[in-house]
Amino acid sequence: GLHEDFPCIAVVGLGRNSLGVCGTEYWDTCKENIRAAIAGGCRVLQNHVLTHIEVDGCNDSQSAAEGAVLGLFTYDDLKTKKKTRVTTQLHGSGCVSGWEKGVLYGEGQNLARYLMEAPANHVTPSVFADTITNRLAPYADHVTVHKRSQEWIEEQQMGAFLSVSKGSEEPPVFLELHYNGCPDNAQCPLLLVGKGITFDSGGISLKPPSGMDAMRADMGGAATVCSAIVTAAALNLPINIIGLAPLCENMPSGKANKPGDVVTAKNGKTIQVDNTDAEGRLILADALCYAHSFNPRAIVNAATLTGAMDVALGSAATGVFTNSDWLWEQLHKASVVTGDRVWRMPLFQHYTRQVTDCQLADLNNVGKYSRSGGACTAAAFLREFVTAPHWAHLDIAGVMTNKDEVRYLANEHQHTLEELLASYSG
């Protein structure tokens with residue numbers, strides 16, 4: 001009864017309006033407070049079974065929209081009792097274009113969350129590829145999708161990728177997305193690569209059963225990359241992007257990789273597979289080799305690659321390994337805006353020697369000292385398949401799930417790539 005047009009009102013606090021970019025937190029505190037407050041208010045109203053909410057723009061309509069869309073997300077597709085579906089709109093005379101951009105950012109991130117939350121028997125490599133294809137269908141005039149088959153993968157001599165996929169009954173898919181938003185076809189594309197393990201049992205090096213169900217989200221890198229391209233297409237960004245996602249399962253079987261097996265990657269390097277649970281770097285190795293054929297402006301790969309990254313940074317930030325100071329600055333600048341923080345990690349030769357000192361092959365897929373510096377040795381392994389001067393590896397294993405620290409998200413958070421693409425196009 002407070003207002004004739006609004007039967008229920010949620011009032012939220014935004015903190016001090018003098019706050020901005022924080023030099024110790026490495027994010028814009030005002031934007032972060034708006035996202036968290038709007039998300040909390042929307043969820044309260046959703047719990048009151050309201051189906052439509054008008055949201056105050058809080059002098060930053062984009063952040064308000066992101067908070068609303070992200071805060072109202074839930075995966076309950078397979079439940080009989082579902083949460084109230086809520087629509088939102090900007091209240092008053094705020095910036096409509098900022099609101100619309102924020103909605104697209106949030107929806108893109110929610111697409112990645114949807115793919116990661118869904119059970120592995122519902123999102124196989126083929127289903128993942130079909131889902132992204134359908135989401136890109138409205139933009140067919142400037143998006144081309146190639147769903148590469150196992151036969152094509154074999155023709156490309158992607159032996160590392162195939163060595164992982166052969167343990168599963170589900171056929172692998174190499175998903176290739178081309179977004180051509182720049183009329184100048186001579187512009188070199190930005191190349192995005194995402195790890196696409198739709199379920200990771202660990203293979204013969206079987207994971208412990210506790211928490212294994214969460215490994216349905218081990219294609220978080222592919223989900224992040226593909227959803228970022230969907231968002232770029234929706235925003236009609238004037239940039240050329242190519243996205244690559246090697247998709248398969250990592251399962252134990254009579255055909256699976258065995259510890260000590262040696263496989264050959266696309267670039268001819270041989271790899272001793274001492275741990276079949278270090279499979280993400282194998283499929284990325286072939287994808288990174290293929291990525292160079294497009295003469296990219298820069299290569300960014302994203303992967304839920306190592307538990308060691310979760311140990312190092314938790315869910316506070318994504319670990320970034322890069323050979324390019326310029327690319328690091330672009331990623332860091334984007335992360336301050338989005339609140340999805342990044343932290344630069346070392347690519348020392350110290351770690352390279354630990355993967356090149358190998359008994360049977362050119363490389364070992366695990367470091368010489370096993371768990372020590374695991375995230376760093378994994379990055380050093382990937383670097384062996386990179387010749388591009390601007391490359392960054394984003395290890396998003398720590399931010400794959402949110403442990404209640406980020407108040408407006410229920411799980412994985414990573415839309416810095418979306419902001420990076422927007423800044424590139426500018």
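I began with a single pair of residues in this predicted model, and found that the bridge partner of Thr 322 is Ala 392, which lies in strand S16. Thr 322 led me to strand S13 (residues 318–322), which pairs with S16 in the antiparallel sense through four bridges.

I then looked for another neighbour of S16, and noted that strand S12 (residues 298–303) is joined to S16 by five bridges, the two strands running parallel. Within S16, Leu 394 has Ala 302 standing opposite.

Next I asked which way the side chains of S16 point. In a regular strand the side chains alternate between the two faces of the sheet. Here I recorded Trp 391, His 393 and Asp 395 pointing one way from S16, with Ala 392 and Leu 394 pointing the other way, and all of them buried. This agrees with my entry for the whole strand, residues 391–395, which is mostly covered, five of its five residues being buried.

I turned afterwards to a pair of helices, H1 (residues 29–47) and H2 (residues 61–71), whose axes lie 7 Å apart and which pack at an angle of about 40°. I entered H1 as oblique to H2 because the angle is neither under 35 degrees nor in the range from 65 to 115. The crossing of the two helices, H1 and H2, is right-handed.

For the contact itself I listed, from H1, Lys 31, Ile 34, Arg 35, Ile 38, Ala 39, Cys 42 and Arg 43, and from H2, Ser 63, Ala 64, Glu 66, Gly 67, Ala 68 and Gly 71. Sorting the residues of this contact between H1 and H2 by character, I counted six nonpolar, three polar and four charged.

Notes. Residues are numbered from 1 along each chain as its sequence is written. This is a predicted model: local features need pLDDT of at least 70, side-chain atom pairs count only at pLDDT 80 or more; totals for chains, interfaces and linings use all residues. Side-chain values use heavy atoms; hydrogens and water are left out. Buried means under 20% relative accessible area, exposed over 50%, partly exposed in between (1.4 Å probe, protein chains only). Two strands pair if DSSP finds at least two bridges between them. Axes are lines fitted to C-alpha atoms, for helices over the stretch in contact, and angles run from 0 to 180 degrees between N-to-C directions. Angles under 35 degrees count as roughly parallel, over 145 as roughly antiparallel, 65 to 115 as roughly perpendicular and the rest as oblique. A crossing is left-handed if the near helix is turned anticlockwise from the far one by less than a right angle, and right-handed if clockwise. Contact means heavy atoms within 4.5 Å. Ala, Val, Leu, Ile, Met, Phe, Trp, Tyr, Cys and Pro count as nonpolar, Asp, Glu, Lys and Arg as charged, and the others, Gly among them, as polar.
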